[in-house]
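The questions below take some of the labels used for a protein structure and ask what stands behind each of them. Each answer sets a value against the cut-off that decides the label.

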Amino acid sequence: MLKLFALMIVSTLLAGCGKVLLSPKDERSQYDRYDRVRNDYAQQFVTDEYGRQLPNVRARLKPRD
């Protein structure tokens, strides 16, 4: 029983090390090209004053003009 539990934990941890679905180079939606042409594209991540990379939620969810 303990071996089975340990195997489940190890397999779960290894599954989390997989490849990301969308790279920063890929378009996130069909509207990305539209936003880039109109200079309204929001980056996926921003860097804060401490050098940490954070999701750019505010710019990505702002209302469109």
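Q: Why is Asp48 called buried?
A: In this predicted model, Asp48 has a relative accessible area of 16%, and buried means under 20%, so the value falls on the buried side of the cut-off.

Q: What makes the contact of Arg52 and Asp48 a salt bridge?
A: The side chains of Arg52 and Asp48 meet with N and O 2.9 Å apart, and a salt bridge asks for a side-chain nitrogen of Lys or Arg within 4 Å of a carboxyl oxygen of Asp or Glu, so the pair qualifies. Asp48 is buried, whereas Arg52 is partly exposed, with a relative accessible area of 49%.

Q: How many salt bridges does the structure hold, and which residue forms one with Lys62?
A: The structure holds 2 salt bridges, and one of them joins Lys62 to Asp40, with the closest N and O atoms 3.4 Å apart, a distance that also lies within the 4 Å limit. Lys62 lies in the segment after H3 and Asp40 in the loop between H2 and S1, so this pair ties together parts that are 22 residues apart in sequence. In general terms, side chains of opposite charge can pair when their charged atoms come close.

Q: Why are Lys62 and Asp40 called partly exposed?
A: Partly exposed covers the values between the buried limit of 20% and the exposed limit of 50%. Lys62 has a relative accessible area of 41% and Asp40 one of 25%, so both residues belong in that middle class.

Q: What is the order of helices and strands along the chain?
A: The chain has 3 helices and 2 strands, and read along the sequence they follow the pattern α-α-β-β-α. Of its 65 residues, 11% count as buried.

Q: How do you know whether Gln44 is buried or exposed, and which residues does it touch?
A: Gln44 has a relative accessibility of 11%, which is under the 20% limit, so it counts as buried. Gln44 lies in the loop between helix H2 (32-37) and strand S1 (45-47), and, leaving aside neighbours within four places in sequence, it is in contact with Ser23, Pro24, Arg28, Leu54, Pro55, Asn56 and Arg60.

Q: Where does Ser23 lie, and how far is its C-alpha atom from that of Gln44?
A: Ser23 lies in the loop between H1 and H2, and although Ser23 and Gln44 are 21 residues apart along the chain, their C-alpha atoms are separated by 10.0 Å. The two residues nevertheless count as in contact, because contact is judged by heavy atoms within 4.5 Å. At 24% relative accessibility, Ser23 counts as partly exposed.

Q: Why is Gln53 called exposed, and what does it touch?
A: Gln53 has a relative accessibility of 58%, and exposed means over 50%, so the label follows. Gln53 is found in strand S2 (residues 53-55), and, not counting residues up to four places away in sequence, it touches Phe45, Val46 and Thr47.

Q: What is notable about the phi angle of Asn39?
A: Asn39 has a positive phi of about 55° although it is not a glycine. Most residues other than glycine have a negative phi. Asn39 lies in the loop between H2 and S1, and its relative accessible area of 71% is over the 50% limit, so Asn39 is exposed.

Q: What makes Arg36 count as lying over the face of Tyr41?
A: Arg36 lies 3.9 Å from the ring centre of Tyr41, and the distance part of the rule asks for CZ of Arg within 6 Å of that centre. A search of the whole structure finds 0 aromatic pairs.

Q: Which residues make the nonpolar surface patch, and how is Leu4 able to belong to it?
A: The patch of about 950 Å² is made by Met1, Leu2, Leu4, Phe5, Leu7, Met8, Ile9 and Leu13. Leu4, found in helix H1 (residues 2-15), has a relative accessibility of 49% and counts as partly exposed, and since patch residues need over 30%, that value is sufficient on accessibility.

Conventions:
Residues numbered from 1 in each chain as written. Predicted model: local features only at pLDDT ≥ 70, side-chain atom pairs only at ≥ 80, totals over all residues. Heavy atoms only, no water. Helix = DSSP H or I, 4+ residues; strand = E, 2+ residues; numbered from the N terminus. Buried < 20%, exposed > 50% of the residue type's maximum accessible area, 1.4 Å probe, protein only. Patch = residues over 30% accessible without salt bridge, like charges linked within 9 Å, V, L, I, M, F, W, Y side chains within 5 Å. Areas by Shrake-Rupley, 256 points an atom, 1.4 Å probe, with all protein chains shown as cover. Phe/Tyr/Trp six-rings, centres within 6.5 Å; stacked < 30°, edge-to-face > 60°. Lys NZ or Arg CZ within 6 Å of the ring centre and 35° of its normal.
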